[in-house]
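User: Hi! I have a few questions about how some helices in this model are described. Could you walk me through the reasoning?

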Amino acid sequence: MSDAPTLLFVGGARPLSFSLDMAAEALAQAAARGIRVHVTNTAEILEATADVVAKATETSVVDVLRPGESAAWARRSGEHFDAVYALQELAQVAVAETAEAIGAPGNPPEAVHRVRTKDACREALAAAGFPQPVVRLCADRAEAAAFLREHAGPWIVKPRDAMGSTGVSLVTDAAELPAALALLPDAKPFLVEQFVEGPEFSVEGVFLGGEPKILAVTAKEKVPPPFFVETGHVLPAPLPETRRRAIEEQVSAALKTLGLRVGGFHVELWLTPAGVVLGEVHGRFGGDWIHRMLAHAIPGLELYGLVFDDMLGRPLPDVPLEPSRGAAVRYFTPPPGGLAAVEGWDEVLAHPAVLYAELGVRPGDEIRPLHRSGDRVGLVVVGADTAEAASALAADLVHSVKFVPESGPDRLPGLWALR
């Protein structure tokens with residue numbers, strides 16, 4: 001195996017269930033192809049993800065979030081890396097810098113910086129003629145208030161660089177601005193942009209030979225404003241052919257405009273009366289168990305193996321790269337409060353169509369208000385013959401689980417109904 005290709009897996013997994021699952025699949029698909037895998041991350045994260053890390057060929061302690069650190073380590077390591085890859089959003093810049101430093105296939109670092117900086121990405125797309133909401137980088141409340149006076153609302157306030165809907169909220173009146181700013185995770189400059197009205201979708205795909213190959217369009221469900229936490233996905237999105245084609249054409253053109261060419265992508269968008277309006281662009285695969293949904297919807301798909309084969313210049317697998325079945329994920333959304341019991345969970349786990357299910361609370365826990373992705377308490381992923389059937393089944397299974405609230409002076413006994 002000394003002549004086997006070596007993959008530098010920057011960042012490995014985060015200690016979250018979907019990230020661990022994605023990393024385990026990536027490592028398994030690399031092993032099936034005879035690829036050695038060297039995982040890097042901080043000692044703390046490597047220890048927290050020990051079960052996944054154990055499947056790698058080698059590990060090293062590197063701060064993958066520190067600018068330039070991964071590239072410098074790779075140059076001085078003395079090891080030859082044939083490909084560089086990361087699952088994590090925050091490691092994408094390190095991957096691009098490292099690939100450029102060692103001459104491996106990769107995205108240009110400036111392109112990754114651009115898509116990781118939300119306002120810069122919007123400006124680049126708008127300059128190229130893509131419809132975009134007006135956005136401004138603001139340092140303080142006064143600058144945000146000025147934006148609200150200059151541009152029609154509603155508006156979105158959000159961090160410049162964050163994930164999982166953290167700090168994202170809707171503002172419909174200037175009086176709501178202080179509360180929205182209080183939700184931001186830090187004191188760094190933040191973004192205010194015009195709210196786009198319309199159903200939301202995401203596009204999942206992979207670059208093959210430098211060209212974007214779209215695997216599926218995914219329909220999204222979110223909690224009502226002012227927050228935007230995702231509560232469900234359906235893949236492939238039930239769309240008329242003309243709309244699906246318009247989405248695919250717009251996304252493919254945008255990816256080329258932004259200069260991405262290697263790895264996976266996950267592009268968010270809205271369908272408006274005026275057409276497709278692109279949202280955030282990510283140079284990695286989507287989270288929220290979309291990887292499991294893709295694997296069911298496209299039989300024979302090895303998502304990460306596809307990326308590795310492309311990076312190494314190997315022949316691609318002879319399988320159709322479009323959905324022939326449907327899949328869906330739905331999250332539980334019980335009201336906040338103390339939890340006394342959960343009923344019906346075992347029946348969900350036993351259902352033959354369930355691809356994955358997770359419950360993150362137990363009796364005695366306090367359910368938090370649903371303000372960001374980390375507040376979600378569990379989920380069910382299902383596969384079916386069609387997207388419509390998968391969506392209906394996921395909804396039925398989620399609603400079959402009852403969260404029994406604790407009784408108390410301010411709580412009435414009984415069952416919470418899921419919203």
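User: What makes α1 and α12 oblique to each other?

Analyst: Happy to explain! The axes of α1 (residues 17-32) and α12 (residues 303-311) come within 8 Å and cross at roughly 50°. Angles under 35 degrees count as roughly parallel, over 145 as roughly antiparallel, 65 to 115 as roughly perpendicular and the rest as oblique, so this pair is oblique. One note: this is a predicted model, where local features need pLDDT of at least 70, side-chain atom pairs count only at pLDDT 80 or more, and totals for chains, interfaces and linings use all residues. Residues are numbered from 1 along each chain as its sequence is written, and side-chain values use heavy atoms, with hydrogens and water left out.

User: Which residues make the contact between α1 and α12?

Analyst: With contact meaning heavy atoms within 4.5 Å, α1 supplies M22, E25, A26, Q29 and A30, while α12 supplies L303, Y304, G305 and F308.

User: Why are the buried residues of α6 said to be on the same side?

Analyst: The buried residues (under 20% relative accessible area, 1.4 Å probe, protein chains only) of α6 (residues 109-116) are P109, A111, V112, V115 and R116. They lie on the same side of α6 because they cover an arc of only 160° around the axis, taken from the directions from the helix axis to the C-beta atoms.

User: And what makes α6 roughly perpendicular to α7?

Analyst: Their axes come within 5 Å and cross at roughly 105°. That angle therefore makes α6 roughly perpendicular to α7. R114, V115 and R116 of α6 meet K118, A120, C121 and A124 of α7 there.

Notes. Axes are lines fitted to C-alpha atoms, for helices over the stretch in contact, and angles run from 0 to 180 degrees between N-to-C directions. Helices (H or I, at least four residues) and strands (E, at least two) are DSSP runs, numbered from the N terminus. Buried means under 20% relative accessible area, exposed over 50%, partly exposed in between (1.4 Å probe, protein chains only).
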